[in-house]
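Here's a small set of exercises with worked solutions. Have a go at each one with the coordinates loaded before reading on.

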Amino acid sequence: MTGHIFAQQAVNGLVLGSVYGLIAVGYTMVYGIIGMINFAHGEIYMIAAYLTAIFLAGLTLLGLQSPPLAILLVLAATIACTALYGWSVERIAYRPLRHANRLAPLISAIGISLILQNYVRLSQGARTQGIPSILDGGFHLFASGPDAFVRLTHAQLLIVVTAIISMFLLHFFIARTAMGRACRAVQQDRVMASLLGVNTDRVIAIVFVLGAGMAAVAGVLVTLNYGSFDFFIGFVAGIKAFTAAVLGGIGSLPGAMLGGVVLGLAESFFSGFVNTDYKDVFAFSLLVLVLIFKPSGLLGVPEVEKV
Amino acid sequence: MSEAKETLLTGLVALLLFAPLTGVSLEGYGLNSHWQNPFLLAGMAMIGRLLLGRLRGLRLPAGLAEYDWQTRLQRPILAVVVIAALIFPWLVGKYWLNVATLALIYVLLALGLNIVVGLAGLLDLGFVAFYAVGAYFYALGFKYLDLSFWIALPGGALLAGVCGMLLGFPVLRMHGDYLAIVTLGFGEIVRLVLNNWIDFTNGPNGVRAPFPSFFGLDFSRHPMPGKSSFHQFFNLPYSSIHKEIFLFFLLFIVVCGMVYFVRRLRRMPLGRAWEALREDEIACRALGINHVTVKLSAFGIGAMTGGIGGAFFAASQGFVNPTSFTFMESAHILAIVVLGGMGSTAGVIGAAVILTVLPEALRDFAEYRGLLFGCAMVMMMIWRPRGLLRSRRALFRREQRAC
Amino acid sequence: MKKWLAYACTLLALALAARLEAGTIKIGVAGPLSGAQAAFGEQFWRGAEQAARDINAAGGIHGDTLELVKGDDACEPKQAVAVANRLVDHEHVTAVLGHFCSSSTIPAFEVYAEGGILSITPASTNPMVTERGLPTAMRTCGRDDQQGVVGAEFTVKHLKAQRVAVLHDKDTYGQGLADAMKAHLATLGRKEVLYEGLTRGEKDFNALVTKLRSVQADAVYFGGLHSEAGPLVRQMREQGLNAPLISGDGIVSETFLTSAGGPKYVEGVFMTFGADPRKIPTGKAVVEKFRQAGYEPEGYTLYSYATMQSIAAALTATKSRDGVKLANWLKANPVETVMGTKRWNAKGDLQTSDYVMYRWTKEGKYEEVADKP
């Protein structure tokens with residue numbers, strides 16, 4: 001096996017993993033703060049993909065030609081609109097269930113996921129949609145022959161860089177701002193935090209908004225990179241990202257990113273060197289094995305059982 | 001905030017939400033405009049918000065909510081259900097009979113999952129895996145070993161049960177959501193293997209499953225030479241509805257048996273241990289209940305029921321393929337259990353029937369089926385999180401009354 | 001109880017009445033009207049609707065008008081069986097036009113055969129559709145084995161490819177196509193360098209593309225549909241793999257262009273498809289009618305139109321509603337359709353296949369490849 005193929009698979013895995021990581025952040029934050037699996041998170045990402053295409057088409061209609069400006073505007077608009085979706089979902093379907101039993105929010109989330117999927121199917125049609133490629137070109141790295149090179153496209157580079165930047169921004173927000181401190185407080189003890197004057201409902205809403213925002217970033221980047229999507233992509237991406245979140249240790253932010261990259265690399269190498277058919281079987285087996293031998297994930301803190 | 005102000009705010013947010021996705025639709029790389037849609041939807045959201053504010057104070061009359069009709073009317077309801085089931089197949093066409101059979105399969109599956117989720121409190125998101133094991137055992141058993149339905153039914157149930165226990169063994173160390181995730185992963189693995197192992201399972205093309213025979217008599221129009229078929233034996237004109245009626249009654253008997261079985265189980269020490277473990281695991285272990293065997297038995301019996309349901313599904317559909325065993329199917333069964341009220345047998349049966357028959361009856365709204373289904377799940381969780389019928393704990397009511 | 005019984009009896013009587021109602025003949029149109037392949041379902045429906053309208057305007061079937069009933073299978077075998085049962089036992093259709101995906105058509109056709117209902121698919125190319133000896137199963141398109149032959153001949157003789165990779169989407173249609181390709185490649189003395197499946201609904205095929213690079217494929221055959229073919233070809237080009245992509249009739253849709261990210265990615269993609277029905281002179285008036293209504297009759301639209309014409313022709317000629325009789329008549333008699341004269345063999349397949357190779361151009365359209373290099 002030649003080196004450039006290996007390196008190329010590593011690049012593929014890293015790009016895929018960054019996307020998983022960005023979506024996984026939404027799962028892990030929500031789980032960390034209210035202990036529920038937000039099944040509808042994948043659909044939020046799907047909505048972001050559609051919004052990207054719609055805003056881009058709108059900008060083209062308005063006559064905007066410069067790709068960098070278009071990408072920035074689309075990113076801003078998509079994040080804003082997707083965040084609003086995240087907020088509304090929390091407000092409508094999860095907030096009334098704050099004190100219900102543990103299964104209720106999960107079922108409600110599955111319901112929301114069905115609603116969002118069908119809502120997009122009905123309003124946008126079921127066919128595969130796409131955007132014209134606006135971010136072309138890339139680099140030939142380590143070129144040592146006509147066929148021996150590692151290809152990194154501009155879109156792929158953008159994905160990795162944006163993922164790193166947004167992780168740092170998020171980390172800064174959680175670690176250094178007053179709102180971030182409130183988030184951490186609510187995560188540790190919701191009742192105590194509210195006794196100390198933290199508006200827990202608001203904090204939880206912010207967490208949903210942040211998670212949706214990260215999913216929006218992923219949605220925009222993926223749409224720019226792959227150029228095609230349909231109303232069902234949320235489900236597949238959601239399950240994979242969720243696997244990544246659990247792999248890294250659910251509740252831990254760096255864990256989500258690490259889990260994403262590990263999963264992306266694992267899929268890429270397995271598909272490249274073993275078999276594409278069983279790629280997903282391998283990914284899920286990895287999940288099951290990690291959970292059996294290290295239930296708290298790679299970076300998670302083991303849960304202490306209290307009486 | 002005043003009501004008017006909040007309603008306006010709702011409208012504004014709704015407008016912002018709906019504008020990009022319903023106001024325009026993608027057409028190639030261009031856009032089609034439907035500018036009136038978002039305003040319509042936002043208007044509906046505002047009206048909904050107003051109505052919701054009005055309704056919030058309403059509650060069911062206390063007498064109705066408290067009336068314990070489950071106990072009082074149990075026998076009459078049971079009698080009505082049985083009589084209705086006996087008459088039903090003779091009155092309707094093949095189509096509705098098919099729907100009813102499917103409903104009974106879902107009842108069976110929901111009863112199985114109810115043991116795991118409702119009684120033992122173990123959240124299983126991969127229940128469909130056992131369903132698939134039962135269905136594929138029958139189809140593949142017929143293909144390779146020429147197994148008949150009557151062997152495949154217990155065989156598939158047994159295999160599914162063993163699979164359930166095998167999965168349960170490593171998984172039981174973890175609890176709550178981790179368990180949910182591992183079972184979800186397991187469900188996906190089973191489906192993917194069935195899909196990818198093309199040499200053995202025929203992959204996405206699926207496998208044929210024959211119809212069960214009636215004491216050795218099959219239901220074909222033209223039986224194999226040397227054998228006689230049902231209509232010839234009983235001197236009836238051939239009709240394809242015979243086999244549907246037969247399957248319906250067979251399934252009905254199995255479901256009744258299952259209901260009885262679960263009912264007895266709940267009163268046995270094992271059933272009580274399940275419910276106790278669900279409520280407080282640590283206390284149970286401190287009292288000396290072996291949590292491993294208790295949980296494993298719940299997993300095994302639940303999986304076994306799933307396997308039986310699978311064999312029936314294969315027989316009624318005539319063929320199985322992996323698309324019938326997706327996560328959405330697991331979610332559907334879980335939704336039945338939750339909507340019916342976790343742990344409540346009557347509720348689960350009702351929910352299974354409603355959730356299977358309603359979508360068929362609303363065929364004209366097929367486009368909106370997923371949307372309505374999702375809305376129903378969310379609204380149920382908000383207004384009746386305990387399900388249509390609340391599960392009652394098995395109390396010694398009579399003794400209490402005697403006091 | 002009595003009242004209930006009376007109610008049920010009324011329902012039964014109503015159902016019977018609906019069945020015997022004179023003047024309309026119900027035809028089921030089954031296909032993926034929703035789901036990822038809805039573009040093809042729309043082609044079906046548009047073609048069938050227009051055909052029924054034209055037939056009815058010309059006097060119908062001895063005065064009876066055709067009435068279409070939709071059946072949505074979303075390309076899922078389970079739903080297809082349910083839809084088939086509904087069409088047969090609930091809607092009491094006389095004939096069925098459908099389904100699209102071979103994986104749906106195969107189980108659904110068994111239901112129609114049992115119900116004795118004529119079923120013709122305009123698009124399912126898997127051999128199993130007609131190979132099982134079902135008396136009522138027919139099609140108005142070619143077969144995968146014919147498509148694979150054309151694809152393999154073209155790849156080896158025209159493209160002069162040495163290292164051919166064969167991919168599929170693990171579905172009945174896609175895999176059937178890939179297997180046919182593989183089989184004919186073998187008879188031409190080529191062994192494929194890679195044979196693998198990708199998962200429907202995924203968008204990231206970068207790892208697979210790198211694998212294609214590592215086996216140094218100089219031509220890639222893909223058995224599958226446009227929703228996966230689009231991202232696949234785009235990622236191939238982005239990774240600098242310029243080997244030609246050859247596929248079957250599953251990518252005959254403008255949506256392929258959309259999902260690939262523009263004309264520059266689809267340029268040089270080849271596909272097998274029946275000779276362009278829009279160019280057949282007999283269909284000119286019909287094509288004009290579609291275009292006037294603002295719809296370009298691409299892909300399977302005219303196949304669907306021709307299928308409806310065949311059903312109508314059989315109904316008119318036999319004056320029967322019996323599926324086996326209708327099918328036998330079609331198998332014995334040629335039918336004049338919008339796509340020229342169609343003749344069937346005893347299996348229910350067309351006697352002549354007219355698969356030719358198409359090439360997507362840099363304008364994002366497809367055109368027939370000139371016969372010889």
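**Exercise 1. Find the domains of chain C and say how they sit relative to each other.**

Step 1: the domain assignment splits chain C into domain 1 (2-141 + 300-342) and domain 2 (144-274 + 355-368); such bounds come from an automatic or database domain assignment.

Step 2: take the centres over C-alpha atoms, and domain 1 of chain C ends up 32 Å from domain 2 of chain C.

Step 3: look across the boundary, where 15 residues of domain 1 of chain C are in contact with 19 residues of domain 2 of chain C (contact means heavy atoms within 4.5 Å).

Some ground rules before going on: this is a predicted model, where local features need pLDDT of at least 70, side-chain atom pairs count only at pLDDT 80 or more, and totals for chains, interfaces and linings use all residues. Residues are numbered from 1 along each chain as its sequence is written, chains are lettered from A and ligands numbered from 1 in the order in which they are written, and side-chain values use heavy atoms, with hydrogens and water left out.

**Exercise 2. Do the domain job for chain B.**

Step 1: here the assignment gives domain 1 (1-46) and domain 2 (76-212 + 240-394).

Step 2: for chain B, the C-alpha centres of domain 1 and domain 2 are separated by 40 Å.

**Exercise 3. Is chain A compact or extended for its 307 residues?**

Step 1: a compact globule with 307 residues would have a radius of gyration near 19 Å, and chain A has 20 Å, so the two agree. The radius is taken over C-alpha atoms, and the globule rule is 2.2 Å times the number of residues to the power 0.38.

Step 2: along the principal axes, the C-alpha atoms of chain A fill a box of roughly 65 × 50 × 40 Å.

Step 3: 63% of the 307 residues in chain A are buried (buried is under 20% relative accessible area, exposed over 50%, partly exposed in between, with a 1.4 Å probe and protein chains only).

Step 4: of the chain A contacts between residues at least 6 apart in sequence, 75% join residues at least 24 apart.

Step 5: count the secondary structure of chain A, and you get 11 helices and four strands. These are DSSP runs numbered from the N terminus: helices are H or I with at least four residues, strands E with at least two.

**Exercise 4. How many aromatic pairs are there over all chains, and what does A:Tyr50 do with A:Phe229?**

Step 1: the total is 44 aromatic pairs. Rings of Phe, Tyr and Trp (its six-membered ring) pair if their centres lie within 6.5 Å; planes under 30 degrees apart are stacked, over 60 edge-to-face, the rest tilted.

Step 2: A:Tyr50 and A:Phe229 are edge-to-face, 4.8 Å centre to centre with 75 degrees between the planes.

Step 3: A:Tyr50 belongs to helix H2 (residues 41-62) and A:Phe229 to strand E4 (residues 228-229), so this pair links parts of chain A that are 179 residues apart.

Step 4: both rings are buried, A:Tyr50 at 0% and A:Phe229 at 1% relative accessibility.

**Exercise 5. Which salt bridge partner does C:Glu202 have, and where do the two lie?**

Step 1: C:Glu202 pairs with A:Lys279, with 2.6 Å between the closest N and O atoms (a salt bridge is a side-chain nitrogen of Lys or Arg within 4 Å of a carboxyl oxygen of Asp or Glu).

Step 2: C:Glu202 is in the loop between strand E7 (194-197) and helix H8 (206-214) of chain C, while A:Lys279 is in helix H11 (residues 279-293) of chain A, so the pair joins two chains.

Step 3: C:Glu202 is buried at 10%, and A:Lys279 is buried at 8%.

**Exercise 6. Which network does C:Glu131 belong to?**

Step 1: start with the salt bridge from C:Glu131 to C:Lys347, where the closest N and O atoms are 2.9 Å apart.

Step 2: C:Glu131 lies in helix H5 (residues 128-131) and C:Lys347 in the loop between strand E12 (340-342) and strand E13 (355-360) of chain C, so the bridge ties together parts 216 residues apart in sequence.

Step 3: C:Glu131 is partly exposed at 36%, and C:Lys347 is partly exposed at 41%.

Step 4: follow the shared partners, and salt bridges join C:Glu131, C:Arg139, C:Arg143, C:Asp145, C:Lys347 and C:Asp349 into one network.
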